[in-house]
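Hi,

Here is the structure I promised to pass on. Have a look at it first, and then read on for what turned up.

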Amino acid sequence: MDKFRMIFQFFQSNQESFMNGICGIMALASTQMYSAFDFNCPCLPHYNLAYGLGILLVPPFILFLLGFVLNNNISMLAEEWRRPRGRRGKDPAVLRYMFCSMAQRAMIAPAVWVSVTLLDGKCITCAFCTSVPLETLGNASHPRLSQGEVQRVLARIPCKEIYNGQQLVANEVAVRYLRCISQALGWCFVLLMTTLAFLVRSLRPCFSQAAFLKSRYWSHYIDIERKLFDETCAEHARSFAKVCIQQFFEGMSTDLVAARCHLPRKAPADAGEAAEKLLGITDQGTMNMALKSWHRCKPPLHLHPPALPTGNGWAGEGQPPRHPSAPQKETAAYYSWV
């Protein structure tokens, strides 16, 4: 349990670790889905190709979209891309970095599905069983079968229990031939994906390391800024609701207190703290205006230092502030004229 707890804490440490964990879980889920999937080839000439290629390509597309859906940054990317320019410009390099990062993670599960499917060989066997070369593997000069009948017989190669074309080509020979081709394609696909990942990881820092660091930094900044803004809005909503509820109950209890001649109770200390957290935004219209202003014109990424005092004459002149000297002792002398 301690190991699982450490792994879970590592996944929660930052956004990238969390998404890497999600992609790893999706990759494992894709292999479990394929192993639990009951593959049934229709064994018909006009349906085998569609069924085989559909099982090979449609689930990876669904997993790719699911990888985007599970990524929390997709809404952040869409919001950053569609928001008005306002007081803060939009950096296309940051948007490209966010999209490429999500696409790379979303491609893991589809790549695993395609690799497992090709290495297993059932889809290729079902899709291309009618393309088996009879001149090489079987008897191409069968006199009693037309071309259409030959195609119907070959379409039953994946279905061993109903295959009746041993006089054309042996079922084991055709299945082994197609499976070898499928496994060769699978290993080539794995090698291609591995090579591309290696090139991306190793060559990217050699050409654009500074731009990569800049895009990664501001991508993290946008994510952290959004989280802090959500937390601030939630805290403001909590304080706003607390003050509204307290004012409601205070108003309801005013008549009862006056009728029973009870002294009004003092407001709790947390009411003052909640009022301070409202930051002057105490009505719905002002809050809606603040939210719209945040979306339309976010503040520029430039921190203004606080204004320095000008009484000593050094502010604004580029001189450092002087530390106040230590207080001097004063001695008072008293004279008597008696």
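A quick one to start with: is W218 buried, partly exposed or exposed? Keep in mind that this is a predicted model. W218 comes out as partly exposed, because its relative accessible area is 29%, and the cut-offs are under 20% for buried and over 50% for exposed.

Now for the aromatic rings. Searching the whole structure gives ten aromatic pairs. One of them joins F37 and F39, edge-to-face, with 6.5 Å from centre to centre and 70 degrees between the planes. F39 counts as buried because its relative accessibility is 16%, whereas F37 is partly exposed at 34%. Together with Y51, F37 and F39 make up one aromatic cluster.

W218 is in a pair as well: W218 and Y221 meet edge-to-face, with centres 5.4 Å apart and planes at 80 degrees. Both residues sit in helix α10, which runs over residues 171-252, and they are three residues apart, or about one turn of the helix. Y221 is partly exposed too, with a relative accessible area of 27%.

There is also a charge over a ring: R82 lies over the face of W81, 5.8 Å from the ring centre.

Next, the membrane annotation. An unreviewed UniProt entry marks residues 21-37, 49-72 and 181-200 as "transmembrane region". In the model, residues 49-72 are 92% helix and 0% strand, with 37 Å between the end C-alpha atoms. Residues 181-200 are 100% helix and 0% strand, and their end C-alpha atoms lie 29 Å apart.

Last, the pockets. The largest one has a volume of about 920 Å³. It is lined by 28 residues, and those closest to its centre are C100, Q104, R105, V200 and R201. Which elements give two or more residues to that lining? They are α2 (15-36), α5 (92-106), α6 (108-120) and α10. The most comes from α10, with 14 residues. Sorted by class, the lining has 14 nonpolar, eight polar and six charged residues.

So α10 is worth following along the model: it holds the W218 and Y221 pair, and it gives the most to the lining of the largest pocket.

Cheers

Technical notes:
Residues numbered from 1 in each chain as written. Predicted model: local features only at pLDDT ≥ 70, side-chain atom pairs only at ≥ 80, totals over all residues. Heavy atoms only, no water. UniProt positions renumbered as here; feature names shortened; annotations may be inferred. Helix = DSSP H or I, 4+ residues; strand = E, 2+ residues; numbered from the N terminus. Phe/Tyr/Trp six-rings, centres within 6.5 Å; stacked < 30°, edge-to-face > 60°. Buried < 20%, exposed > 50% of the residue type's maximum accessible area, 1.4 Å probe, protein only. Lys NZ or Arg CZ within 6 Å of the ring centre and 35° of its normal. 1 Å grid on protein atoms, 1.4 Å probe; cavity = no way out; pocket = protein on both sides within 12 Å on 5 of 7 lines; lining within 4 Å. Points joined across faces, edges and corners; volume = space filled by probe spheres on them. Nonpolar A, V, L, I, M, F, W, Y, C, P; charged D, E, K, R; others polar.
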